[in-house]
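Hi,

Here is the model I said I'd pass on. Have a look at it first, and then read my notes underneath.

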Amino acid sequence: MKPIMKSSMRRSSSRGARHSVAAVAVGAVLALTATACGDDGSGATGDKGADGSGKGEITFWDNNGGVRTDVWKEIVADFEKANPDIDVKYVPIAATEYQSKVDTSIQAEGLPDVGGVGAAMLAGFAAQNALEPLDERLAKSSLNGKLNEDMVKSLKAAGGGDGTLYSVPTSANNGVLYYRTDLFKKAGLDAPTTWDTFYEAADKLTDKDKNAFGYTIRGGAGSIAQALDAMYGQSGITSFWDAGNEKTTVNDPKNVAALEKYAGLFKKVTPAADLNNDFTKMVAQWDSGTIGMLNHNLGSYQDHVKAFGTDRFRGIPQPAGTGGKRVQVSNPVDGLGIFKSSKNKAAAWKFIEFVTGKAQNSKFNESAGQVPSNNDAGKDAWVSEAEPTKLAAEALTDGSTTIVQLPYYLPDWNTISKTDNEPAFQKVLNGSLSAKDFLDTLADQLNEAQAEWNEQKG
């Protein structure tokens, strides 16, 4: 594998930087040059690329490098064996660095042929004219009719609102509450299936003198989505926008009260280190310690199996609220896209076709513990044998769960939900910023982004 330098640059959180992305979305195409990197298909946004011969080398950027590197190396090896005239240069990029790396490369450094393009960052890349439309390729492909239609629709909706498919789904992730069954049994606690039992368990399992905590809260990268899940789950509010689709509900008084209660867990029943923990640190901490509960998603299931086996923990859907109704925010569907500047789109498409076929899609998702996008892969035995995956799929189809759809279609969404507000959420946790002030600021930013979006559509 050829090494690649990871960019340390970050997107600006300024209003002007966010608005520049929106401007691109309405037609201001940047005339940029690229730094070529051999004949690997690199290029900048202004480069329309080419279909190519369908042979030679392609570059693949993994958007969750490190965590999924081992399984991707297996899949790449399988692909190269089945396609001896194509070589894949696999580049693992950490999830926390991926958007910054792509954004920077759109501007100057050159893009790969194919890369991970999940719903959360899809709109921003599409707005910069960086992605190849894939509708026609899918329609002519052996994949046509084989992919989960809800996942396809989710990615089409996230791509900017015009119904274009820019990413082929690989998997769906769902929020999960993991809990230590051995610790719950020892304390005589019921499973945390409701928010009341969740808070009760968090308190009773905490013994700071023994370094035992009831819960681990996510205060570092990725904290906003988890906080929103806890807010809407407790408040029972079922829409992210008001009836007019203009004002967000994030700062509804019920959500403010829910966030106050949730953030109040920090340092009371959680480790102090949680303030800076991203998902990798949080998962590692839970797997190695005596913490009762962890909110993450299906993606960490195999890590917990390695740490505890299958008899010392469970992964269940998020707690239910009043009347047994469960409300969760949408978890982004992950997928693979072809970058428009690729000089070998035909080979890149062969790669996507192969890895989202039944065998490889099943292999990837069994390793990740996620829901397969390929309908045939979803019927494999491991899906029903992995309890968190099985329960998550059931919760989404049995009528017990309402999903609050997050506005992944907003080009500003990732910047607002990450760069702009993750540091502010840390202030909420340490008590230097009120939940109300935090949510009011977040609401102002979202309402402005939505107004711009509505104006562009009109």
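The surface first: the protein chain exposes about 18,800 Å², and 50% of that comes from carbon and sulfur atoms. Do keep in mind that this is a predicted model.

As for what lies beneath, 56% of the 458 residues in the protein chain count as buried. I also looked at contacts with a separation of 6 or more: residues 24 or more positions apart account for 77% of them in the protein chain. On secondary structure, I get 19 helices and 12 strands for the protein chain.

The part I spent time on is a sheet. It is an open one of four strands, in the order β6-β7-β5-β8, and its pairing is mixed. At the edges sit β6 (213-216) and β8 (314-317), each of which pairs on one side only. From one strand to the next, the twist averages 25°.

If you want a place to zoom in, try β6 and β7. Strand β7 covers residues 291-297 and pairs with β6 in the parallel sense, over three bridges. To find the pairing on screen, pick F213 and look for I291, its bridge partner in β7.

There is a helix to see here as well. Helix α11 (residues 279-288) packs on the sheet, where it touches β6, β7 and β5 (175-179). The direction of α11 makes about 145° with that of β7.

That's what I have so far. Shout if anything looks odd on your side.

Cheers

Notes
Residues are numbered from 1 along each chain as its sequence is written. This is a predicted model: local features need pLDDT of at least 70, side-chain atom pairs count only at pLDDT 80 or more; totals for chains, interfaces and linings use all residues. Side-chain values use heavy atoms; hydrogens and water are left out. Helices (H or I, at least four residues) and strands (E, at least two) are DSSP runs, numbered from the N terminus. Buried means under 20% relative accessible area, exposed over 50%, partly exposed in between (1.4 Å probe, protein chains only). Contact means heavy atoms within 4.5 Å. Accessible areas come from the Shrake-Rupley method with a 1.4 Å probe; for residues, only the protein chains shown count as cover. Two strands pair if DSSP finds at least two bridges between them. Axes are lines fitted to C-alpha atoms, for helices over the stretch in contact, and angles run from 0 to 180 degrees between N-to-C directions.
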